[in-house]
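Biologist: I would like to go through this model with you term by term, and I will keep asking how each label was reached.

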Amino acid sequence: MAIETYDAIVIGSGQAGGPLSTALANAGRRTALIEREHVGGTCINEGCTPTKTMVASARVAYLARRAADYGIATGPVTVDMLKVRQRKREIVVSFREGSERHLLAAPNLDLVSGEATFTGPSAVRVTLPDGATREMTAPTIIINAGERPAPLKIPGVESVPLLNSTSIMELDVVPSHLIVVGGGYVGLEFAQMFRRFGSQVTLVHRGKHLLAREDDDVADEVAKILHEDGVDVLLEAAPSQLARLASGEIAVTVVGGGTTRTLTGSHVLIAAGRMPNTDALNTAAAGLVLDERGYIKTNERLETNVAGIYALGDVKGGPAFTHISYDDFRILRTNLLEGGNASITNRLVPYTVYIDPQLGRVGMNELEAAASGRSFRVAKMPMSYVARADEVDETRGLMKAIVDPETKQILGATVLGIEGGELMSMFEIAMIGRVPYTVLKEAIFAHPTLAESLNNLFAKLDR
């Protein structure tokens, strides 16, 4: 079999691999982009795009049920999951096809459908959908293979139908009782979403607080919000066994706090972690070093231990966010095509959890600031102090900012509140521009906006 020679091979068409492949091709480098499933990666197909369309549908149901709070009379609220699913599918297909058209139009770029496997440090075999294979070689290979939901490993798991973050979005009915295992970002979004669709929801989380990376007061406020929405949250609890009942329901044995109880649900979502898609890559043939969880190790320039091989996005571990993957693309574009020396050192990692209200976060939180040993101050305020939040009757949550008392620089911010992600981005812009918090405290923001909450938040540091 003839070996095809390229200047670059990109494995995976996610939010780093897709744009990088076109950048390389447009720069005149003959490039192969290998994708085993869907163009666009997790974000477009199973992550950000579909989940946020469904979150939007759930919020409409929530607001419709609250209409009387605003003096508006409505009838009974019903949810048509077929229409919710169809809307989600149409948006996903639109995004995916747009990405695919862009790739197919790029000169010097071959989009190859198949599964890539290393046969050496600069060689890849691609198994095509019909079983045929293609052998390729290139001096530059970029891995953007992503992650997938991690399976649950407890007795009985093989005997019951379980949902993951992909399959749950294909349901055509509202579950009567959804049991969610995992209190991280994914579990919380789906728990609240399906509660708003009309399901009874029980969330089982191993930790003492939800959202292990957040401050305890923020996590506890999230738990309070979920409780207000009718989600039953079980903390310090873990599933120990699963069983399929004669009724067709699923029994989940939960252990925690010295007690054992059995939950019975119609559906069970496993949202207790993800794992890298490295198991099929035969990384050993390339000589790549992986960490203990199977993620590809890289340095601050996204270089692996093998010259010419790079890893981008979720497959390298670290923050698993689309925008981080896209920034990885920027770094390699700078270094490979522009002769730069970009790195991930000290980059800000903003993110938003799309519960309602949103949780937006950038930079240090209070726990991290305390662990750093540095001097810091905390500005904290409930969203009920924000005039705009009061006016629209969306006062749940809080906002916090961490500042350096000497330099007046903002070290980080967390906003759990209406449009928390957008408010968080204002803090991030200030951090990027090194704008002291004192400037924001005295800034003129239009009234009434959410932005003017920064005046009152930072004024608290002077009291």
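Biologist: To begin with the strands, what is the order of the five strands in the open sheet with parallel pairing?

Modeller: The order of that sheet is β4-β3-β2-β8-β18, where helices (H or I, at least four residues) and strands (E, at least two) are DSSP runs numbered from the N terminus. The model is predicted, so that local features need pLDDT of at least 70 and side-chain atom pairs count only at pLDDT 80 or more, whereas totals for chains, interfaces and linings use all residues. Residues are numbered from 1 along each chain as its sequence is written, and side-chain values use heavy atoms, with hydrogens and water left out.

Biologist: What makes β4 and β18 the edge strands?

Modeller: Two strands pair if DSSP finds at least two bridges between them, and β4 (109-113) and β18 (309-311) each pair on one side only. On the inner side of β18, strand β8 (residues 140-143) pairs with it in the parallel sense over three bridges, and Ile141 has Ile309 as its bridge partner in β18. Neighbouring strands of the five-stranded sheet are turned by 15° against each other on average, direction ignored; axes are lines fitted to C-alpha atoms, for helices over the stretch in contact, and angles run from 0 to 180 degrees between N-to-C directions.

Biologist: Which strands does α1 lie across?

Modeller: Helix α1 lies across β2 (8-11), β3 (31-35), β4 and β8, and its direction is at about 160° to β3. Contact here means heavy atoms within 4.5 Å.

Biologist: Thr22 is in that helix, α1 (residues 17-26); why does Thr22 count as buried?

Modeller: Buried means under 20% relative accessible area, exposed over 50%, and partly exposed in between, with a 1.4 Å probe and protein chains only. Thr22 has 6% relative accessibility and therefore counts as buried. Leaving aside neighbours within four places in sequence, Thr22 is in contact with His102, Leu103, Ala106 and Leu109.

Biologist: How do you know that both faces of strand β16 (residues 267-270) are covered?

Modeller: In a regular strand the side chains alternate between the two faces of the sheet. In β16, His267 and Leu269 on one side and Val268 and Ile270 on the other are all buried. Strand β10 (residues 177-181) is joined to β16 by four bridges and the two run parallel, with Leu178 standing opposite His267.

Biologist: Where is there an open sheet with antiparallel pairing?

Modeller: Three strands form one in the order β13-β14-β15, and its edge strands, each pairing on one side only, are β13 (238-244) and β15 (259-265). The twist averages 25° from one strand to the next. Six bridges join β13 to β14 (residues 250-256), which run antiparallel, and Leu242 has Val252 as its bridge partner in β14.

Biologist: Turning to the rings, how many aromatic pairs does a search of the whole structure find, and why is the pair of Phe194 and Phe197 called edge-to-face?

Modeller: The search finds eight aromatic pairs. Rings of Phe, Tyr and Trp (its six-membered ring) pair if their centres lie within 6.5 Å, and planes under 30 degrees apart count as stacked, over 60 as edge-to-face and the rest as tilted. The centres of Phe194 and Phe197 are 5.4 Å apart and their planes stand at 85°, so this pair is edge-to-face. Both residues lie in helix α5 (residues 185-197), three residues apart, about one turn of the helix, and both are buried.

Biologist: What makes Phe427 and Phe458 an edge-to-face pair, and which parts does the pair tie together?

Modeller: Their ring centres are 5.9 Å apart with the planes at 65°, so the pair is edge-to-face. Phe427 lies in helix α11 (residues 420-432) and Phe458 in helix α13 (residues 453-459), so the pair ties together parts that are 31 residues apart in sequence. Phe427 is buried, with a relative accessible area of 0%, and Phe458 counts as buried at 0% relative accessibility.

Biologist: Finally, why is the chain called as compact as a globular protein of that length?

Modeller: The chain has 13 helices and 23 strands. Its radius of gyration is 24 Å, close to the 23 Å that the globule rule gives for 463 residues, so the chain is as compact as a globular protein of that length; the radius is taken over C-alpha atoms, and the rule is 2.2 Å times the number of residues to the power 0.38. Buried residues make up 49% of the 463 residues.
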